[in-house]
Amino acid sequence: MLREDMGLGSRLIPFREGWQRQRVLHSEVVEGRRPSTLLLVEHEPVYTVGRRAHSWERPSADVVEPGHVPVVDVDRGGKTTWHGPGQLTVYPILRLTQPIDVIRYVRALEAAVIELCGLYGLETVRVEGRSGVWLPADPETVGRAGRPPRPERKICALGVRVARGVTMHGIGLNVDLDLEAFSLDRIIPCGIDDAGVTSLAAETGRHLATGAPAEALVRALENHLAPLVADAT
């Protein structure tokens, strides 16, 4: 399994440029000209809208203010989300073993992120009926201590596509970013309006470079995905 960093740590990548690179890698893996590859990116700000998004869950215009952030319809599953500075986006372009089990693939992605978050001292979980990786809701007793308990909070979004046996799109891990990008007056993130969004920095109280978790995340992805990847060895 190869790793390709697309300007990680040196420049922000426009979403369409990253998407085109995904397509090139996907074609090469499908045709057997390249082994399965993990593409790591930090994007310029963008809202992407998946195939399952309802009209009321996406921005009402082609750009979102402030910042003139573009809105792009994409061919992955899932709904509406944000990518941008402070988020580590990983696109696994992988030839899956047969028979293809997309649910097992999604669970492996989640397991890798859960392992990564554990290295930062965070206990993260899956939430039934919702993809991605989450911080559990605070116990009710926290609210009695002076502040309301926090709801479940998503730290990593996930949306995938499998075409001709090879995956595209992937995960967006919130490292250290302005969480206002996910505010409900802009979008309904991932179609969920009764939970929150968080980041490694918000939960640990430490400022982090976007690429800081990259090495550990790649190792976790390689370990959890190896049984599912046809050319993992």
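A polar contact here is a pair of N or O atoms within 3.5 Å; within protein, one must be able to donate a hydrogen and the other to accept it, and residues adjacent in sequence count only if both atoms are side-chain atoms. The model is predicted, so local features need pLDDT of at least 70 and side-chain atom pairs pLDDT 80 or more, while totals for chains, interfaces and linings use all residues. Numbering starts from 1 along each chain as its sequence is written, and side-chain values use heavy atoms, without hydrogens and water.

**Exercise 1. Find Thr-204 and describe its surroundings.**

Step 1: Start with the element: Thr-204 belongs to helix H4 (residues 200-204). Helices (H or I, at least four residues) and strands (E, at least two) are DSSP runs, numbered from the N terminus.

Step 2: Look at the polar contact, in which the Thr-204 side chain reaches the backbone nitrogen of Arg-206 at 3.3 Å.

Step 3: Now set aside neighbours within four places in sequence; Thr-204 is then in contact (heavy atoms within 4.5 Å) with Tyr-120 and Leu-122. Tyr-120 is 84 residues away in sequence, yet the C-alpha atoms are 7.4 Å apart.

Step 4: Is Thr-204 buried, exposed or partly exposed? Buried means under 20% relative accessible area, exposed over 50%, and partly exposed in between (1.4 Å probe, protein chains only). Thr-204 counts as partly exposed because its relative accessibility is 23%.

**Exercise 2. Follow helix H2 and work out how it meets H5.**

Step 1: Check the span. H2 has 18 residues and reaches 27 Å from first C-alpha to last, close to the 26 Å expected at 1.5 Å a residue; that expected span is 1.5 Å times one less than the number of residues.

Step 2: Inspect both ends. At the start of H2, a side-chain oxygen of Asp-101 comes to within 3.3 Å of the backbone nitrogen of Ile-103. After H2 comes Gly-121, with a positive phi near 80°.

Step 3: Add the partner. The axes of H2 (residues 102-119) and H5 (residues 214-225) come within 8 Å and cross at roughly 140°. Such axes are lines fitted to C-alpha atoms, for helices over the stretch in contact, with angles from 0 to 180 degrees between N-to-C directions.

Step 4: Which residues of H5 meet H2? They are Ala-216, Leu-217, Ala-220, Leu-221, His-224 and Leu-225. By class, the contact has 13 nonpolar, one polar and one charged residues. Ala, Val, Leu, Ile, Met, Phe, Trp, Tyr, Cys and Pro count as nonpolar, Asp, Glu, Lys and Arg as charged, and the others, Gly among them, as polar.

**Exercise 3. Explore strand S11 and the loop before it.**

Step 1: Begin in the loop between strand S10 (153-163) and S11, where Arg-164 lies. Arg-164 has a positive phi near 55° and counts as exposed because its relative accessibility is 68%.

Step 2: Move into S11 to find His-169. Phi of His-169 is also positive, near 55°, but this residue is buried, with a relative accessible area of 2%.

Step 3: Go on to Asn-174, also in S11 (residues 166-174). Asn-174 is buried, at 3% relative accessible area.

Step 4: What does the side chain of Asn-174 make a polar contact with? The partner is the side chain of Gln-87, at 3.0 Å. A polar atom of the Asn-174 side chain also lies 3.0 Å from the backbone oxygen of Thr-198.
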